[in-house]
Amino acid sequence: MPTILGQNQYGKAENRVVKITRDGATHHIKDLNVSVALSGDMDEVHLSGSNASVLPTDTTKNTVYAFAKEHGIESAEQFGIHLARHFVTSQEPIHRARIRIEEYAWERIETSDGNSRFIGADEVKHSFVRKGQETRTTQITFDGERWQVISGLKDLVVMNSTNSEFWGYIKDKYTTLQEAYDRILATQVSSQWRYGWSTDEERMPNWDKSYAQAKKHMLQAFAESYSLSLQQTLYQMGARVINSRSEIDEIRFSLPNKHHFLVDLEPFGLKNDNEVYFAADRPYGLIEATILRDGVEPQIPVDLTNL
């Protein structure tokens, strides 16, 4: 039977680039994992094996490292924009570039105080420890005219030790879960949000400020919402971001419910008054949803957050 070539792309995945900026004795770190995917007039390489329209993946890798030097890394989003624009505008067969970036944050190690300094401690401004809260992500897509920027985070673990309930749900002959009126609510947040910015004529957002504010608002909503379900909490987190950040049009969450079960201490003659729990890693409930600004069509792919 006849066949046709469908959607296709190629590039170099997971290029780890660490950029050190030296401001005298004070150093700054940007640590990225950059994946490049290119598409366009690529039929012949699949159908006949002709590489005439193919920019080697090794070249895309080299471009990532060269651009870290030539343009610096102001933010993951800005770096991705530089790369996507270059690939689309410099190579005629390439019509679309998608740049996915994970950023690993570092923070400066505090040195000893004045009463216990070791020799040279006051000069140490180049030592860092990896931040362990979350990984920042972004995906930049450019087709020569329009941009799509989807940023976010993953592996942000949060917990409320009270102010969470779960009751009134459907019960059938297979239901064993007891209703809870005071439970631990914990999850590992994976979230992506899409910016309204799409053309060079529009004012570009402040990427770092927007990221920090989006994270702040979702954390505040998680802490301040009295939860009757993780779904309700998810919606409050997304709504807070959309209502607080005008540059963001859509936000998607994937929230695994990190279950904590009360341990039965009765066999030991002890009463467990919501104090001792067993933390189960699997199986887990997985709650996913997208929250949109009114009038906006969803564009964030499900596979960006689906675990």
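1. Asp41 sits in the loop that runs between β2 and α1 (43-47). In this predicted model, Asp41 has a relative accessibility of 47% and counts as partly exposed. Leaving aside residues up to four places away in sequence, Asp41 touches Ser53, Pro93 and His95. Lys61 is 20 residues apart from Asp41 along the chain, and the C-alpha atoms of the two are separated by 21 Å.

2. The chain as a whole comes next. The chain holds five helices and 12 strands. Its C-alpha trace spans about 75 × 75 × 35 Å along the principal axes. Of its 307 residues, 42% count as buried. Among contacts in the chain with a separation of 6 or more, 67% are between residues 24 or more positions apart.

3. Eight of the strands form an open sheet, and the order across it is β1-β2-β3-β6-β7-β8-β9-β12, with antiparallel pairing. Which strands stand at the edges? They are β1 (15-23) and β12; each has a single partner strand, so one side of each is left without a neighbour in the sheet. Direction ignored, neighbouring strands of this sheet are turned by 20 degrees against each other on average. As general background, strands of a sheet pair through backbone hydrogen bonds, in either a parallel or an antiparallel way.

4. Within the sheet, the pairing can be followed strand by strand. Strand β3 (residues 94-103) and strand β6 (residues 135-142) run antiparallel and are joined by seven bridges. One residue pair here is Glu103 with its bridge partner in β6, Arg136.

5. Strand β8 (185-195) pairs with β7 through nine bridges, the two strands running antiparallel. Leu156 has Val189 of β8 as its bridge partner. Seven bridges join β8 to β9, and this pair also runs antiparallel. Here Tyr195 has Ile248 of β9 as its bridge partner. Is β8 mostly covered or mostly uncovered? Mostly covered: 10 of its 11 residues are buried.

6. Two helices lie across strands of the sheet. Helix α4 (residues 207-224) lies across β2 (26-40), β6, β7 (147-160), β8 and β9 (248-257). The angle between α4 and β7 is about 35 degrees. Helix α5 lies across β8, β9 and β12, and runs at about 155 degrees to β9. Strands β8 and β9 therefore appear in the list for α4 and in the list for α5, and the angles quoted take account of N-to-C direction, running from 0 to 180 degrees.

7. The second largest pocket holds about 530 Å³ of space. It is lined by 21 residues, and those closest to its centre are Leu177, Ala180, Arg183, His259 and Phe261. Three elements give two or more residues each to the lining of this pocket: α5 (230-244), β10 (260-262) and β12 (285-292). Which element gives the most? That is β10, with three residues. By class, the lining has 10 nonpolar, eight polar and three charged residues. Two of the contributing elements have already come up: β12 stands at an edge of the sheet, and α5 lies across β12 as well as β8 and β9.

8. Some backbone details deserve a look in the model. Arg282 and Pro283 are joined by a cis peptide bond, with omega at about -5 degrees. Pro283 is placed in the loop between β11 (277-279) and β12.

9. Asp155 is not a glycine, yet it has a positive phi of about 65 degrees. Its place is in strand β7. The relative accessible area of Asp155 is 35%, which lies between the cut-offs of 20% for buried and 50% for exposed, so the residue counts as partly exposed.

10. Asn274 is another residue that has a positive phi without being a glycine, here about 55 degrees. Asn274 is found in the loop between β10 and β11. With a relative accessible area of 32%, Asn274 is partly exposed.

Note on methods
Residues are numbered from 1 along each chain as its sequence is written. This is a predicted model: local features need pLDDT of at least 70, side-chain atom pairs count only at pLDDT 80 or more; totals for chains, interfaces and linings use all residues. Side-chain values use heavy atoms; hydrogens and water are left out. On a 1 Å grid over the protein atoms alone, a cavity is a set of points where a 1.4 Å probe fits but cannot get out, and a pocket is an open set with protein on both sides within 12 Å along at least five of seven lines; lining residues have an atom within 4 Å of a point. Grid points are joined across faces, edges and corners, and a volume is the space filled by probe spheres set on the points. Helices (H or I, at least four residues) and strands (E, at least two) are DSSP runs, numbered from the N terminus. Ala, Val, Leu, Ile, Met, Phe, Trp, Tyr, Cys and Pro count as nonpolar, Asp, Glu, Lys and Arg as charged, and the others, Gly among them, as polar. Two strands pair if DSSP finds at least two bridges between them. Contact means heavy atoms within 4.5 Å. Buried means under 20% relative accessible area, exposed over 50%, partly exposed in between (1.4 Å probe, protein chains only).
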